[in-house]
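Biologist: Thanks for sitting down with me over this one. Could you put it on the screen so we can go through it together?

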Amino acid sequence: MEDHIKQALMEIVGSENFTDDLIELIPYSYDASDHDHRPEVAVWPIRTEQVSQILLLANAHRFPITPRGAGTGLSGGAVPACGGLMMDLCKMNRILEIRIADRQVIVEPGVVYADLENVLAPHGFFFPPDPSSSSVCTLGGNVATNAGGIRGAKYGTTRDYVLGLEVVLPNGQVIRTGSGCIKSASGFDLTRLFVGSEGTLGVITEIALKINPKPIETKTSLGSFSNLSDAGQSVIEIMQSGILPSVLELLDENTIHVLREQGRMDLPYVAAMILVETDGYTEAETSFQMDKVIEVLKKNHATEIRMGESKKEAEALWKIRKSIGSVAAQLRTHNVSEDVTVPLSKIVDLIKGISNILHHYGLPFVIFGHAGDGNLHPRIMYDRSDPDQVERLHKAVEEIFKLTCQLGGTLSGEHGIGLAKAPYMSLEHDPVRMDWMRAIKKLFDPHNILNPGKMALGN
Ligand SMILES: Cc1cc2nc3c(=O)[nH]c(=O)nc-3n(C[C@H](O)[C@H](O)[C@H](O)COP(=O)(O)OP(=O)(O)OC[C@H]3O[C@@H](n4cnc5c(N)ncnc54)[C@H](O)[C@@H]3O)c2cc1C
C-alpha cells in the first residue's frame, strides 16, 4: 500500500488507530480456522463516518478491506485473503440503548456477546443465540455469520433476532434497514440479506436486536443408547412430542470413547448419548417438558438415564458436553470443526456416513452437536506438519460435504462459508443460485473491495 494512502487512513482514524507494524499485523493474519494471510495495514475505526470514508478511499484506490470482530470465526471469514486493510471493529463497542419496553437493544458491532448478556441479566432478559464462543465473539461477527448455538432448536439463530441494521456500503453510503418494530412487512427484507453476508456486502456499524424474557427454571438429563438409531429416533420423537427442549445434544460413540479414555470420565460403553435441557418460567413447566422427554428416551430403549436433580448434578452432566472440544484437541496438534446440518430424519445417516469416511481416511475424530436442529460438529484431529494427513483431511472433508448435500443438508449451520467452504458452494447451490449471489455481490460491490475471496463470490 502506497504511503499517501496510509497517510490518508491516518487522517481518517488518527495515527493511534492505524498500524502497519508487522508485530501488530501478525494476529490479524488468522482467525480460529486453518487459514492465514497477512494484511498490509490495520485500522480501528470508532465512528460510522470513519468507516464510510475508508470505504470511499478503498474504492478510489482499489484496495481490499476485511471487516473483523474478535477473529473467532471457524471458516476463515476474517482472514484477509487478498491482503490490504484489516478493519477491526472492536472499538465500536458501545451498548447504545436498552429498550426493555420495546423488547430490543441497539448496539455497536464490537460489543462482546457476554457483555450484552451481563447487561440484560438484571432486567430478566436475554439475547438467545448463545454461541459457545460467547465470552469473546462480537455481535457484529454474530450477525455477519448468522451465528447459532446450543439452544438453536428452540430459539433459532441470530437472524431471528436482528430487527434492523446500519451498514456502510462499499461505495461509502450508509444504509439503515429494518423498522424499529418487532415485526414489519414493508418492502424487501434488506436486513436478512446482510445477516450472514460475512462482510462481503457492507460493514455493519449498528445493530437492533430483539431480546427475550429469560427462563428461570431448567431441567437436565442425559440418556445413553446401545444403538445409534435409537438415539436418532429419540431426537425425532422428542421434537414432535409437543414440547421444544432448549437443548438437545447428541454425542456419538467416538466422542464417548474419547471422553472416557482421554478425559478419564465415568461414562458407559454405549453407541450414543443425548443431553437434554428443558427450560421455562415455572418448575411445573420444565418438569412437564422433561417428563415427555424421559418418556421418549425410555420408549426408545435408553440403557441409562441420568437426571441432573440438583444444580451440582446438572453441572456434572453439562461438563460431559462442554469438555468435548478440549479433550478431543489433545489427540493431535490441529483440528477442524465442521458444522454440517441435515433434516432431523437424516441425522443417523449423516453420523454413520461421516464415521465411514473418517475411518477410511484413518484420522481421529469425534461427532457431536446440536441434534435438535440437525447441526452436527464432526471434529477431525490431524497434524498440519504432515502433508499426508493434510491430504487425507481435505479428501475426507470434501466427502463429508458431498454426503451432507446428498442428504438434503447444508454446508454450514452456523459457522458460515468464508474461505474454508468456498470451494464447495456449488455442491449445495445450483448455478442459477450461485449466479444470483454473484450478481448481488456485484451490485453492492462492483470493484470487489469488501472481503474478496470469500463465499465463492468471485475474486
Ligand atoms: C471455541 C469456539 C466456539 C465457537 N462456537 C460457536 C457456536 O457455538 N456457534 C457459532 O455460530 N459459532 C461458533 N464459533 C465461531 C465464531 O465464534 C462465530 O462465527 C462468531 O459469530 C464470530 O464472531 P467474531 O466477532 O469472532 O467474528 P470474526 O471471526 O472476526 O468475523 C467473522 C465474519 O464476520 C465478518 N464481520 C465481523 N464483523 C463485521 C462487521 N461489523 N461488519 C461486517 N462483517 C463483519 C468478518 O469479515 C468475517 O467474515 C466458535 C468459535 C470458537 C473459536
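Biologist: Let's begin with charges. Which residues are linked with R99 in a network of salt bridges?

Modeller: Keep in mind that this is a predicted model. The side chains of R99 and D102 meet at 2.9 Å, N to O, which is inside the 4 Å limit for a salt bridge. R99 is partly exposed at 26% relative accessible area, and D102 is partly exposed too, at 35%. The network that holds R99 also includes E97 and D102.

Biologist: Which salt bridge partner does K219 have, and at what N to O distance?

Modeller: Side chains of opposite charge can pair when their charged atoms come close. K219 sits in strand β12 and its partner in helix α10, 64 residues apart, so the link spans distant parts of the chain. K219 has 21% relative accessibility and counts as partly exposed; the partner is partly exposed as well, at 40%. That partner is E283, at 2.6 Å.

Biologist: And how many salt bridges does a search of the whole structure find?

Modeller: Another of the pairs is E49 with R47, at 3.7 Å, N to O. Both ends are partly exposed: E49 at 48% relative accessibility and R47 at 43%. For the whole structure, the search gives 24.

Biologist: Now the sheet with β1 to β4. Which strands stand at the edges?

Modeller: The four strands form an open sheet with mixed pairing, in the order β1-β2-β4-β3. β1 and β2 pair in the antiparallel sense over two bridges, with F18 opposite V43 of β2. Two strands have a single partner strand each, so one side of each is left without a neighbour in the sheet: β1 and β3.

Biologist: β4 has a partner on each flank. What is the bridge partner of T66 in β4?

Modeller: β2 runs parallel to β4 and is joined to it by three bridges, with V41 opposite L85. β3 also runs parallel to β4, through four bridges. In that second pairing, T66 has as its partner M86.

Biologist: Which residue points the same way from β4 as M86?

Modeller: In a regular strand the side chains alternate between the two faces of the sheet. L85 and M87 take one direction from β4, and all four residues of the strand are buried. On the other side, M86 is joined by D88.

Biologist: Let's move to the domains. How many salt bridges are there between domain 3 and domain 4?

Modeller: Domain 3 covers 217-325 and domain 4 covers 332-418. They bury about 1,400 Å² between them, 65% of it on carbon and sulfur atoms. There are seven residue pairs in polar contact, both residues at pLDDT 80 or more. The salt bridge count, however, is zero.

Biologist: Which element gives the largest share of the side of domain 3 that touches domain 4?

Modeller: The C-alpha centres of the two domains lie 22 Å apart, and the contact takes 17 residues from domain 3 and 15 from domain 4. L228, L250 and N254 lose the most area on the domain 3 side, together 30% of what that side buries. The elements that give two or more residues there are α8, β13, α9 and α12. The largest share, six residues, comes from α8.

Biologist: What is the bridge partner of L250 in β17?

Modeller: β13 and β17 run antiparallel and are joined by two bridges. Six of the six residues of β17 are buried, so the strand is largely enclosed by the rest of the structure. The partner of L250 there is G369.

Biologist: Is L248 buried or exposed?

Modeller: L248 lies in strand β13. Beyond its neighbours in sequence, L248 touches ten residues' worth of surroundings that include V235, I274, G369 and H370. Its relative accessibility is 2%, under the 20% cut-off, so L248 counts as buried.

Biologist: One more: which residue takes a positive phi in the hairpin of β17 and β18?

Modeller: β17 and β18 pair in the antiparallel sense over six bridges, and V366 stands opposite R379. The hairpin has four residues between the strands, and the one with a phi near 75° is G374.

How values were computed
Residues numbered from 1 in each chain as written. Predicted model: local features only at pLDDT ≥ 70, side-chain atom pairs only at ≥ 80, totals over all residues. Heavy atoms only, no water. Buried < 20%, exposed > 50% of the residue type's maximum accessible area, 1.4 Å probe, protein only. Pairing = 2+ DSSP bridges. Domains from an automatic or database assignment. Contact = heavy atoms within 4.5 Å. Buried area = accessible area lost by both parts, 1.4 Å probe. Polar contact = N/O pair within 3.5 Å; in protein donor to acceptor, adjacent residues only side chain to side chain. Lists of a residue's contacts leave out its neighbours within four places in sequence.
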